[in-house]
Amino acid sequence: MGPLQGVKVIELAGIGPGPFCGMMLSDMGADVIRVDRITSSTRAPRDIMQRNRKSIAVNLKSEEGRDVVLRMAETADALFEGFRPGVTERLGLGPDDCFARNKKLVYGRMTGWGQEGPLALAAGHDINYIGLSGALHAIGEPGGKPVPPLNLIGDFGGGGMLLAFGLVCALLEARRSGEGQVVDAAMIDGSASLMAAFYSMAQHGFVNERGANLLDGGAHFYNTYETRDGKYICVGSIEPQFYELLLRHAEVTDAKFREQMNREEWPSMRDELARIFKTKTREEWCEVMEGTDICFAPVLSVWEAPQHPHNTARESFIELDGVTQPAPAPRFSRSRPDVRHGARIPGQDAAEVLRSFRYSEEEINELRSCGAVG
């Protein structure tokens, strides 16, 4: 069983960071109940981030539907939502509405801009939040435009993961104080937090130019290179002893490479390593460098990564319902996080969920007949 076994969480269904937060909590053993919209769909979505949760479909705009969520909140440990500020208040499901039913409830709020500020009510996506936090500006080729790093920084690292962390922190505090509180998780804050090391670097020697620094592709020894077969490898030989191994295994003989930190020569040394790495296939370079202290790895696609021997040995990926997906992480010495089932059809577990909150069969039938529950 996962370390969050016994923790009951209500997830007001959303997109992106919210489902990722729900996946993290449920993977760790929390009983997460996903409150979906009523839909006519009869097929479970093939969405990895919706795994491990029971689903109840509720019409939140109806008085009866709102009361279902409030009744669930009475005995839940936490509830989280991902709407714009003020939406749940207008639905009658805001923090004050829920705290009136359960003062120990932890109420999580996932937004891009946060609950207040000039942009709080504006629409946005990951790319906008990381644009304002300084993260997007730092990523891209030398002399080129900023490159979106998928939506890893805002939605997931600085969003869903931040909310999961905040909820667990608040749950621990609630056990001590006996009172819940609101967790305001904003992607702009989370992505700024992820940039802490680079704001530190900006105080001493960080160049305000993409692709000109140690970790952004400026350095020849911390970079990606194309191989003869059109694939890619990556090296991260920062420390001198690792850099020495890189030069030795790549058979670099040019004397200028001995001045590893000579930034003026980085572009020409990148060009020379690019030429060298194109002389062999990716597999051939793996035979030469993988497993050494060069800090080397092949650049694998999402189709290749689950098959790599290291990932298979650690069981880093699992297959569920025919879908290959990342296994729960992190790992624990005693607790065992687990994936119990994949995504559910919206509302699939309505009766079971309602019974668990002590609804009678008559009440369940009434909720269905009036359209409050699908």
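Val9 stands opposite Val32 in β2. That pair belongs to a parallel match between β1 (residues 8–12) and β2 (residues 31–36), joined by five bridges. The model is predicted. The points below cover its six-stranded sheet, helices α7 and α10, a hairpin, and two individual residues, Asn223 and Glu141.

**The parallel sheet**

- The sheet is open and has six strands, in the order β3-β2-β1-β4-β5-β6. Their pairing is parallel.
- The edges are β3 (54–57) and β6 (182–186). Each has a single partner strand, so one side of each lacks a neighbour in the sheet.
- On average, neighbouring strands are turned by 20° against each other, direction ignored.
- Strands of a sheet pair through backbone hydrogen bonds, in either the parallel or the antiparallel sense.

**Helix α7 on the sheet**

- Helix α7 (residues 187–194) packs on this sheet and touches β5 (106–111) and β6.
- The direction of α7 makes about 65° with that of β6.
- Met187, Ile188, Gly190 and Ser191 are buried in α7. They cover an arc of only 165° around the axis, which puts them on the same side of the helix.
- The cover over these buried residues includes α1 (17–27), α5 (126–133) and α6 (152–177). Strands β5 and β6 also contribute to it.

**Helix α10**

- Helix α10 has twelve residues, 266–277. At 1.5 Å a residue it should span 16 Å, and its end C-alpha atoms are indeed 16 Å apart.
- Its buried residues are Trp266, Met269, Arg270, Leu273, Ile276 and Phe277. Seen down the axis, they fall within an arc of 125°, so they line one face of α10.
- An α-helix has 3.6 residues a turn, so residues three or four places apart point the same way.
- The buried residues of α10 pack against two strands, β7 (222–226) and β8 (232–236). They also pack against two helices, α9 (240–249) and α11 (282–289).

**Asn223 in β7**

- Asn223 lies in strand β7. Its relative accessibility is 15%, so Asn223 counts as buried, the cut-off being under 20%.
- A polar atom of the Asn223 side chain lies 3.2 Å from the backbone oxygen of Ala219.
- Beyond its neighbours within four places in sequence, Asn223 is in contact with Gly217, Ile233, Cys234, Val235 and Arg270. Of these, Arg270 is one of the buried residues of α10.

**The β10–β11 hairpin**

- Strands β10 (residues 317–320) and β11 (residues 323–326) pair in the antiparallel sense over four bridges.
- Leu320 has Val323 in β11 as its bridge partner.
- Two residues separate the strands of this hairpin. In the turn, Asp321 has a positive phi of about 55°.

**Glu141 in a loop**

- Glu141 sits in the loop between α5 and α6. Its relative accessible area is 58%, so Glu141 is exposed, the cut-off being over 50%.
- Leaving aside neighbours within four places in sequence, Glu141 is in contact with Arg210 and Gly211.
- Glu141 and Cys286 are 145 residues apart in sequence. In space, their C-alpha atoms are 25 Å apart.

Terms used:
Residues are numbered from 1 along each chain as its sequence is written. This is a predicted model: local features need pLDDT of at least 70, side-chain atom pairs count only at pLDDT 80 or more; totals for chains, interfaces and linings use all residues. Side-chain values use heavy atoms; hydrogens and water are left out. The expected span of a helix is 1.5 Å times one less than its number of residues. Buried means under 20% relative accessible area, exposed over 50%, partly exposed in between (1.4 Å probe, protein chains only). The arc is that of the directions from the helix axis to the C-beta atoms. Contact means heavy atoms within 4.5 Å. A polar contact is a pair of N or O atoms within 3.5 Å; within protein, one must be able to donate a hydrogen and the other to accept it, and residues adjacent in sequence count only if both atoms are side-chain atoms. Two strands pair if DSSP finds at least two bridges between them. Axes are lines fitted to C-alpha atoms, for helices over the stretch in contact, and angles run from 0 to 180 degrees between N-to-C directions.
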